[in-house]
Amino acid sequence: MESGGSGGSSSKKGKKVEQQSKKRQKTNTIDYMNYIPEAIVFHILSLLPLGELIIMSLVSQRWKDTVVRYLKIVPSSLNLDECEMPGTILKRDGQCLLRSNFAHSGYSLKQRHCLIRAARKSFIEFVDRCLQLHSDCMINNLRLTFLHEAGGDYEYTRKIDMWVHFAFTKDIKELSLDFSDLTLSKPLAQPFELPHGYFAPKITKTFSLKFCKFRLSTFQVFGSLKGISLVQVEILDGSLAELASKCPVLKDVNLVNCVFPDQFMMSEEDIIVEKLSVIDCKTEEWEACNINLSTPCLLKLHIVGNILMTSHIRNATKLLDVTFCMEEINENYLQGDALGSFFIELGHSRSLTVLPAGNDLLQGLPTYLNNLNHLCLLVGLEKQEMPGISCLLRSSPNLENLTLLLLGTGREIFQNDAPPFFDLEERIYWDERNSTFSCVQNSLKKVTMDGFSGRNNEMKLIQFLLKKARVLRKMEIISISTAEVMEKIQYLSETLSYFPRASPLASIEFC
């Protein structure tokens, strides 16, 4: 009995000694992480994707503090896309579901709803943690993309409002908010309306909005904004002049498929921007936009879609590059005169692109384009277009580069054994151009014909330019890739090689 008791006591003492030994070892254990220089820790963190960086911040308060210090020194670029978040249910199962491709998902309706809710919950938690981690940090680039549906989940809408408020009140250099993904399956979806406030982003340099409603009165000032892009945005108030006044260093304005008030693009005040793109926009009243602006600093103008005949661009004396594309052109002199009035200040441009280039439109352009260096036209080289092309060549004495984007007419290509029947006027038009255009004779150095098929009117124009262009260096011919044309390229190339050339340095290259 005594020996047994003694053995039990000895066993307890042994365990106690062992525990004390382990405790001393644990106390004496060196935490080598404390000795790693912070620069190395930051380099390791820089190799981690955003999701793993957030996980690191959840390990302990110490690691959270370390991650926050890192983010304050190295600004992040965040792409928070509800359809592209890695490591979530959305990536594994919900991608096709949230885009409403239900027919091929293989899930029951109840399963789909559960997956969508789980994916959205995961996305909300991730964005909340990510933005909280960056609450006191500067962000280089923040892109938020949502699958928002008007009248949908109230709590999710409230979350989006909070995230948008974060975006407008924090230090973010480049900001993009995209609410359009749901429109892939629901084209009639109602756009999200940005939350009301009186925001004044301090360091935002570029701002992009897609598929939402935007009130200019919501913003006080964009002190650093240089570029703004609005795509599928319904602008509810204000004007371009008001936008420019709130953005004192604004340089680039891009409006695509927007709807805005009738007077939005009209101002007597100077609009100090360098680049202006208006693509397929309309007003609340018209399926077109009315433009009447004074732009003394404008360098690049891009107009696509329909504009009202009363439109004007004034004081654009620094303009270098103009692209103009009308969706519909009604061939009439009234329209040509109206467009000529619109272009009256565009004669300063060094580069002009007109798509498509109807004859009345071409003849409505300014009479003198002395600064024009590059001209690009979308044409069919039909007889009704040729006088307009001649007018442009005559009006551009310093033209160096001519690009013709050729429209196919469905005619047979020029063949060696069976030439097709040609319209006589088309066939002899360039033969009758005895007077030499100043630009062709003195300045034209490069000609590009894109969409070449070997039609007679194309061959005649090439022959004319080669014969008259005394300083031509290169003629680049890009043929259409049909089997019929490709079979004839060798013959067409040989035919062109026999055309007389005014310039001994002129070369012809087929692409």
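Across the whole of this predicted model, a search finds 11 salt bridges. Three of them are set out below, among them the pair formed by Lys-159 and Asp-128, whose side chains meet at 2.7 Å, N to O. The briefing then turns to strand pairing, including an open sheet with the strand order S9-S12-S14, to the surroundings of Thr-283 in strand S11 and of Leu-404 in strand S18, and to helix H14, which is mostly covered.

**Salt bridges**

- Side chains of opposite charge can pair when their charged atoms come close.
- The salt bridge between Lys-159 and Asp-128, at 2.7 Å from N to O, links distant parts of the chain, since Lys-159 belongs to helix H7 (residues 154-169) and Asp-128 to helix H6 (residues 109-133), with their positions 31 residues apart in sequence.
- The two partners fall into separate accessibility classes: Lys-159 has a relative accessible area of 18% and is therefore buried, being under the 20% limit, whereas Asp-128, at 24%, is partly exposed.
- Glu-274 and Lys-251 form a salt bridge through their side chains, with an N to O distance of 3.7 Å.
- This pair also connects distant parts of the chain, 23 residues apart, and each partner sits in a loop: Glu-274 in the one between strand S9 (266-270) and strand S10 (275-279), and Lys-251 in the one between helix H8 (240-246) and strand S7 (252-256).
- Glu-274 is partly exposed, with a relative accessible area of 29%, and Lys-251 is likewise partly exposed, with a value of 36%.
- A further salt bridge joins the side chains of Glu-509 and Lys-474 at 3.4 Å, N to O.
- Because Glu-509 lies in strand S21 (residues 507-510) and Lys-474 in strand S20 (residues 474-479), this pair ties together parts of the chain that are 35 residues apart in sequence.
- Glu-509 counts as partly exposed at 36% relative accessibility, and Lys-474 is partly exposed as well, with a relative accessible area of 25%.

**The open sheet S9-S12-S14**

- An open sheet is formed by 3 strands in the order S9-S12-S14, and the pairing within it is parallel.
- Its edge strands are S9 and strand S14 (312-314), each of which pairs on one side only.
- Neighbouring strands in this sheet are turned against each other by 10° on average, with direction ignored.
- Strand S12 (residues 292-294) pairs with S14 in the parallel sense over 3 bridges, and Asn-292 stands opposite His-312 in S14.

**Strand pairing around S17**

- Strand S16 (residues 351-355) and strand S17 (residues 374-379) pair in the parallel sense over 4 bridges, with Val-354 standing opposite Leu-377 in S17.
- S17 also pairs with strand S18 (residues 401-406), again in the parallel sense, over 6 bridges, and the bridge partner of His-374 in S18 is Asn-401.

**Two buried strand residues**

- Thr-283 is located in strand S11 (residues 282-283), and its relative accessibility of 5% is why this residue counts as buried.
- The side chain of Thr-283 makes a polar contact with the side chain of Asp-262 at 3.1 Å.
- When neighbours within four places in sequence are left aside, the residues in contact with Thr-283 are Val-259, Phe-260, Pro-261, Asp-262, Ala-288, Cys-289 and Asn-290.
- Leu-404 is found in strand S18 and counts as buried, with 0% relative accessibility.
- The C-alpha atoms of Leu-404 and Met-449 are separated by 4.9 Å, although these residues are 45 residues apart along the chain.
- With neighbours within four places in sequence again set aside, Leu-404 is in contact with Leu-377, Val-379, Thr-448, Met-449, Asp-450 and Leu-461.

**Helix H14**

- Helix H14 (residues 456-468) consists of 13 residues and reaches 18 Å from its first C-alpha to its last, which is close to the 18 Å expected at 1.5 Å a residue.
- H14 is mostly covered, in that 11 of its 13 residues are buried.
- Those buried residues include the charged-type names Glu-458, Lys-460 and Lys-468 alongside Met-459, Ile-462 and Phe-464.
- Leu-461, one of the buried residues of H14, is also among the residues in contact with Leu-404.

Technical notes
Residues are numbered from 1 along each chain as its sequence is written. This is a predicted model: local features need pLDDT of at least 70, side-chain atom pairs count only at pLDDT 80 or more; totals for chains, interfaces and linings use all residues. Side-chain values use heavy atoms; hydrogens and water are left out. A salt bridge is a side-chain nitrogen of Lys or Arg within 4 Å of a carboxyl oxygen of Asp or Glu. Buried means under 20% relative accessible area, exposed over 50%, partly exposed in between (1.4 Å probe, protein chains only). Two strands pair if DSSP finds at least two bridges between them. Axes are lines fitted to C-alpha atoms, for helices over the stretch in contact, and angles run from 0 to 180 degrees between N-to-C directions. A polar contact is a pair of N or O atoms within 3.5 Å; within protein, one must be able to donate a hydrogen and the other to accept it, and residues adjacent in sequence count only if both atoms are side-chain atoms. Contact means heavy atoms within 4.5 Å. The expected span of a helix is 1.5 Å times one less than its number of residues.
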